Amino acid sequence: MAEPNATTTKQGYSPSHARDVMKPGFIVKLVLMMLIDALGLYGIFTAYAVRSWGIIAIMAVLLAVINWIYFSKRMVPAKYLVPGMVFLLVYQVFVMGYTAYVSFTNYGQGHNSTKEDAVSAILRNSEQRVPGASNTPAAVVEDGAGLGLVVQNPATGTFQIGNADTPLHDVDAQISGSTIKVDGHKVLTVADLLKRQSEVTGLSVPVSDDPNDGFYKTDDGTSAYLAKSSFSYDADADTITDTSTGTVYTADEKAGNFKSAAGESLDPGWRVFVGMSNYTNMVTASDLAGPFFKALLWSFAFAALSVLTTFALGLVLALVFADKRLKGRKIYQSLMILPYAFPAFLATLVWQGMLNSKFGFINQVFFGGAEIPWLTNGWLAKVSILGVNLWLGFPYMFLVCLGALQSLPGDVEEAAKIDGASGLRTVWSIKLPLVLQSTVPLLIASFAFNFNNFSLIYMLTEGGPNYPGLSVPVGETDILISMVYKIAIESGVPNYGLASAMSIVIFIIVGVIAWLGFRQTKTLEEL
């Protein structure tokens, strides 16, 4: 029988392996992986609470892969790639995929959750105290999900606890006089009840999983009463009936709400798949198609004119200050990039004040106090936006063009002079093509940036002046991204599905622009 290797312990581990385990680097890695696993498990448990099986599966796979990579000696290259890949997956791929998913739904105001939540909300919104229902001793407690309500069952005398999302269930509690003590929970005092009065009076706890059984409510935090809705839900027929009028509302699965025979609908509804409706409404809806196409055209015009004007001014200044014969050119070059040194949003707000029609510096100093509506007239507002963006963007183009000019070989210009080319001909036929070879990808990137330049538009004009008579507050200077913001945030009825559809359109456009940029870069590399 062969003797065991002298370098191997009884457990099968070599001394070198033991030394590796005791290294500080391994301990740090172990602690970090423990934290990552704990965070991942927390995410899995959270997803399980809302029954999000897809997220559970993805997170479980990610945790298994990450542990395998960082504890395997054969996966050294992957250890450096995984962090970036995880961030790419979470912040880019997942966001893009979820946005695409939302764009095919009616997700928005009144359609935020599931059908079960919608039924529960409809019944709760029409709660009325059950006639003849007596008050029962109660207490308001704090639990992990917010406020909960403890009530004494009038029939059995036992105590039950629940909150807005969890029906009543038994709990250990004792009553002493008018005070209820609940094991494991903090009971709100009178002072606490007064401070949180709005939360207390708005608390509604379901009696059971069946919303038709009613809810317990409290007015003072020390007693509760049974309330039931004036609507009743029939799960078998999938209808809601108004018991006071007899009107029956039937579930419309395509629209995601309950509708009566007369076309009336109950709010809220629920989220459903609507296919391409958001995309077709974008270009066919009477109050949306016109503003959408105008915003699309202005987005292209704004991005293209911004690139052309900033590049032209930056190139001219670079040609001037690249001349070594100019005295003090270093000082001038420093002054030229000052607008680039200030935060863009602060500079935009300063320009907004200077362009004020009544009190702005521009009108008061240069136009003798005339009230020129720079930001409230459609065409003037667009000119103002381009002017402010020129101020903000030319320093970048100046630096890019100056660097490109300084990198040009001097013998090219000398050869042009020997051939008798004028200064303008030298610039147009020699310097400009050479500068464009190195700056075209940057110009395409600048176009993509200005296509989504939300901060400039919103800080300066907020997209206005607005078109009259529209359900969405869209204006003449809105580009697509600011229009998306208004539809998702500022409209009276936010429509996240429509906003997501527009975001996908923007993504496709910017993606094509980025593809052109990479293609141009590859062409230049071949040259």
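Pro268 sits in the loop that runs between β16 (265–266) and α8 (277–284), and in this predicted model the peptide bond that joins Asp267 to Pro268 is cis, with omega at about 0°. The protein chain that carries this loop is divided into domain 1 (28–103), domain 2 (116–266) and domain 3 (281–526). The points below take up the backbone, then the contact between domain 1 and domain 3, and then the aromatic rings.

**Backbone features in loops**

- A cis peptide bond is also found between Gly464 and Pro465, where omega is again about 0°; Pro465 belongs to the loop between α17 (454–460) and α18 (480–490).
- Asp238 has a phi value near 60°, which is positive although the residue is not a glycine, and Asp238 is placed in the loop between β12 and β13 (239–242).

**Domain 1 against domain 3**

- The C-alpha centres of domain 1 (28–103) and domain 3 (281–526) are 38 Å apart, and the two domains are in contact through five residues of domain 1 and seven residues of domain 3.
- The size of an interface is often expressed as the accessible area that is lost when the parts come together.
- For domain 1 and domain 3 the buried area comes to about 430 Å², and carbon and sulfur atoms give 84% of that area.
- Sorted by class, the side of domain 1 that touches domain 3 consists of three nonpolar residues and two polar residues, with no charged residues.
- Zero salt bridges are found by the rule across the interface of domain 1 and domain 3; with no charged residues on the domain 1 side, there is no Lys, Arg, Asp or Glu there to take part in one, because a salt bridge needs a Lys or Arg nitrogen and an Asp or Glu carboxyl oxygen.
- The search for polar contacts across the interface of domain 1 and domain 3 likewise gives zero residue pairs, where both residues have to be at pLDDT 80 or more.

**Aromatic pairs**

- The structure contains 25 aromatic pairs, and one of them is formed by Tyr233 and Phe258, whose rings meet edge-to-face at 6.2 Å centre to centre with 80° between the planes.
- This pair links distant parts of the chain, since Tyr233 lies in strand β12 (residues 231–234) and Phe258 lies in strand β15 (residues 257–259), 25 residues apart.
- Strand β12, which holds Tyr233, is also the element that comes before the loop of Asp238, the other end of that loop being β13 (239–242).

Conventions:
Residues are numbered from 1 along each chain as its sequence is written. This is a predicted model: local features need pLDDT of at least 70, side-chain atom pairs count only at pLDDT 80 or more; totals for chains, interfaces and linings use all residues. Side-chain values use heavy atoms; hydrogens and water are left out. Domain bounds come from an automatic or database domain assignment. Contact means heavy atoms within 4.5 Å. Buried area is the accessible area (1.4 Å probe) that two parts lose on being put together, summed over both. A salt bridge is a side-chain nitrogen of Lys or Arg within 4 Å of a carboxyl oxygen of Asp or Glu. A polar contact is a pair of N or O atoms within 3.5 Å; within protein, one must be able to donate a hydrogen and the other to accept it, and residues adjacent in sequence count only if both atoms are side-chain atoms. Ala, Val, Leu, Ile, Met, Phe, Trp, Tyr, Cys and Pro count as nonpolar, Asp, Glu, Lys and Arg as charged, and the others, Gly among them, as polar. Rings of Phe, Tyr and Trp (its six-membered ring) pair if their centres lie within 6.5 Å; planes under 30 degrees apart count as stacked, over 60 as edge-to-face and the rest as tilted. Helices (H or I, at least four residues) and strands (E, at least two) are DSSP runs, numbered from the N terminus.
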